[in-house]
Amino acid sequence: PGGAARRERSTLRRKRRELRRDTRSQFRRDWQLTSLLNNAPGAAPPSAASPPPRAAQRVASAGAARRARNMHHTRFGGAPLQGGFSDLFGAHLGATGPLSGSRAREAQAGQASLRTVMGGLRPEAAGDYSWSPDGRWLAFSASDATEFSCVHVWSADTGDVRRLTHPSYNAVEPKFSPDGLFLYYFSDQQISSGADSPYGMRGSEPTIVGAQQLMCLPLRDGFKCPFFKGDELNAMGKTYGPSIGKQFKTKVSVQNVEKRAVPVPFLEKRQYFGLHIVGDGHTFLMQMWDGEGLYLISLDIVSGAMVPIYPDPRGVFVSGDGQVIMLAVEQGLALLSAKALGVPGVTQDQLLASAILWSAPTGWTVTVNPRAEWMQMYNDAMRNMRDAFYDPGMHGLDWSAITEMYRPLVYRISTKSELRDVLQQALGELSVLHVFVSIRSEAPVLPSGEPTSCFGGDLVTDPRGLRVVRVFDTSGILAAPNSPLAAAAVDLRPGDIITRVDGYQLNTSDRPVSRALLGKAGMQVLVEVDLTPRDPPDEDDDEIRAAAEGAGGFGGMGGATGGEAGGAGAGASARQSAYVADRHARGVEYGHGSGRGHNGAGVGTRVHTVAHIAHAKRQRVGGSDGLGLAPRSLNSGGRKGLGVGELGGGGAGANVSDTSAHTSKKVGGITSVVVTPMSHYECSELRVADALNARRSHVQTRSGNALAYVYLEDMEQMGEGSSNSFDDFAAQFYPAIRKAGLIIDVRRNAGGNIDTWILERLRRVAWMFNTARAGPGDTTMQYAFQGKVAVLVDEMTSSDAEIFAAGIQQLKLGKVIGVRSWGGAVGYSSNPELQLVDGSGFTIPSFGPYLGSKWMIEQQGVIPDIVVENLPVSTFHGNDKQLDVAVDHLMALIRSNPNDGKIPAKPAYPDWSFNRETCNGGASPAAAAAAHAGMRRGEA
């Protein structure tokens, strides 16, 4: 049971990954659905004799509740000896007690025998098994060499296998109806694509949407599916019930069998999973992808009525007789009656309210013998590796001997972590690299505490605080976050000095960043900065902002420019004054007055507080004067640029500056900004994106912008976290489609599975060109890259990245440069059977690549065409010899054949005008016209 549950959960996870959509669910996904299951432990199911009430009537009894609580003591599907579930659901489950008499003697004397149903299949190529009601036919789905899955049936009497569906589409999850007359399955034969032409941005390509339909296949000629509406000569379809399936043998008529299958008309095309036929055969259960997840629904196969039941169940299990449904949900296990599902007009709320819910205890007491458990885990691991390893010969090893050789070590281990060491040694005898052992440790893990955060740049200590050396540049990198220091309202630049963070003076600590930013990731902090001189903003920036506050422009700019020319009136509203005062409160003054005109004198509009005055004092200590950011020079006439009211002054303005001085002056000084630091994980992404941009810039500079640089961190699409490597490739590749050369960097690439997608695009050939009236030409095939290609690899290029590099060599698409790669290409898949009893697990290399008579890559890696090693000291100082060699190699190829890869110039436009002299045999146009007129008269 545990293995089956793990398989179902794994299948659900795969389904969710495959079916991600950005649409909203058509069904309810609110907390009230959960509350319905959390109420009383039992309620009477709706009755077919009386219409369903507004709310389900609760008739739970103490005995029913007690049996629901104790149901885990009995194997599900078999009733307890004292009646058990029969009283709960109003109908006996039909299960019997222990075997007795001749049946018991047969079971004791019988021995299991193996019979081969179908051979030559890949591992896991067959599944979805379903027995006919009489036990004489086994239906299953199996995929062939084309990987299309077909429905087959196997006769237990003759051993014959018959294919029932066509291999041009997928047919899965066959289920016999209880009457044995029909076979139902899901089919994706009615496919549709998600693109309408090969033209468009980034090489638009069709995406096949494999929406499924529920199909009904009558197994005998002459029978119509239950939803058949009938006509003048044929009666309506119906279900015949389980009694027919027990009374008559199931027969399969194979003639024209594929033509007899018809889709269920009232079930829309969607993705479906987990088909069950319950009750008397007219109620179907399945999970449907509703745009957000898998939703369990009920369908009446005759009337077409559909009822949603519950979103994203963790498991759905049906009793052997189809009368009880068990849902594994967050709250525990919920039991539903198939009869309740079949009541016409039943609602979702009524079904959930009628469920019997068993909630797991808050705590469990389990006695475990650790040594026995460790030995079980060892045996399971060694047996699974033997049965699923890609080489049945186990690389020439006597696997039984290997298993026994390491067994004494299991007896001697004292911790579970030592079991990992034993398994790694034992499985390592196979000499393959894709064997990873993960043991769930029971050792206590101390909390790491609250982490510190970062600003998103390179900072160095300075006597005044922290000096900004570099702000990480992530421009043009897909999904990369921007540095907090580069935000529009912050805009710190190299040379700026951060002096305080939330009032904490940074030059008072030997660890300023870790102390000032501890636990502040994602939180706003107030940062005091001494800005380096920079160009001031445009003169009318403040006017635009003030005008946006709801008032007109400034009444007079005399005060704003030092009071030389008074304004014609007050002009500035209170909101404008408040805006200007707010600018000053944040220390953003750019060395010119900001007063308003008043009778020819520049009257200041600043509203000073204690914080403002303290701010100004810090500026004077640092060499600045007043509230401006730039140090102001003194002369015999006093300070320049001051208006009435500055720092408490009450006299008229004495400004003698002019507007031309403002436009040329650099501004700087102390100011305050609000910054939102990032976590160190986010900052690591910033560093990766910044390094990518640095390498990209280096390639463009060294090649004169002739080459493009593409970096792939891994080869996964929709993998762990936010890994979408093909999206990364597309974002970098398509803008470079007309470059003369391309460097693809897969160094330190951990692998994945998208090598085929990338190689396919690099293999496109431009065999024809086309042009419009103006502008550059284009290629056919669309988005065919015609330039030179080089691929960079290193010791940590692994798995699918190695296969990609080997494909570049084998397909002669370019040169591989660097050092020999990791050397692991025998791959594995996430098979849930690899989980051990405690949740630990390991990987089994289950498929290996080969070319001709040789196995590829494993234990040897990809040998570069041009071997270049990045030496550690040179790399530490920022050099990348492998990248430089790749640039020089491609540029040499381009210089030797400068026209390669370029779209050829269009030929001269043709002269396809109509030549009448030629068509008239050399006669003049007039003679030809007269002859033509004479012919017309003769005809008349």
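**Chat about a bent helix and some aromatic pairs**

Me: Let's start with helix α11. Which of its residues are buried?

Reply: In this predicted model, the buried residues of α11 are Trp-399, Ile-402, Thr-403, Tyr-406, Arg-407 and Val-410.

Me: Funny spacing. Why would residues three or four places apart point the same way in a helix?

Reply: An α-helix has 3.6 residues a turn, so residues at that spacing face the same way.

Me: OK, and what do the buried residues of α11 pack against?

Reply: They pack against two other helices, α10 (370–388) and α12 (416–427).

Me: Where does α11 bend?

Reply: At Tyr-406, by about 30 degrees. A proline, Pro-408, follows within four residues. The helix covers residues 399–412, and Tyr-406 is also among its buried residues.

Me: Zooming out for a sec. How many helices and strands are there in the protein?

Reply: 25 helices and 41 strands. The protein has 940 residues, and 42% of them are buried.

Me: And what about the contacts between residues at least 6 apart in sequence, how many join residues at least 24 apart?

Reply: 65% of them do.

Me: What's the exposed area like, and how much of it comes from carbon and sulfur?

Reply: The protein exposes about 50200 Å², with carbon and sulfur atoms supplying 53% of that.

Me: Switching to aromatics. How many aromatic pairs are there?

Reply: The count comes to 17. One of them is Phe-186 with Tyr-272: the ring centres are 5.5 Å apart and the planes sit at 15 degrees, so the pair is stacked. The cut-off for stacked is under 30 degrees.

Me: Where in the chain do those two sit?

Reply: In distant parts, 86 residues apart. Phe-186 is in strand β6 (residues 182–187) and Tyr-272 is in strand β11 (residues 272–278).

Me: Is Phe-186 buried or exposed? And Tyr-272, buried or exposed?

Reply: Phe-186 is buried, because its relative accessibility is 0%. Tyr-272 is buried too, with a relative accessible area of 0%.

Me: What about Phe-733 and Tyr-734, what kind of pair do they form?

Reply: An edge-to-face one, 5.2 Å centre to centre with 65 degrees between the planes. Phe-733 and Tyr-734 are both buried.

Me: Which aromatic cluster are they in?

Reply: One made up of Phe-726, Phe-729, Phe-733, Tyr-734, Trp-757, Tyr-783 and Phe-785.

Me: Last one: what sits over the ring of Tyr-711?

Reply: The charged end of Arg-695, 5.0 Å from the ring centre.

Note on methods:
Residues numbered from 1 in each chain as written. Predicted model: local features only at pLDDT ≥ 70, side-chain atom pairs only at ≥ 80, totals over all residues. Heavy atoms only, no water. Buried < 20%, exposed > 50% of the residue type's maximum accessible area, 1.4 Å probe, protein only. Contact = heavy atoms within 4.5 Å. Areas by Shrake-Rupley, 256 points an atom, 1.4 Å probe, with all protein chains shown as cover. Bend = angle between axes of the 7 residues up to and from the residue. Phe/Tyr/Trp six-rings, centres within 6.5 Å; stacked < 30°, edge-to-face > 60°. Lys NZ or Arg CZ within 6 Å of the ring centre and 35° of its normal.
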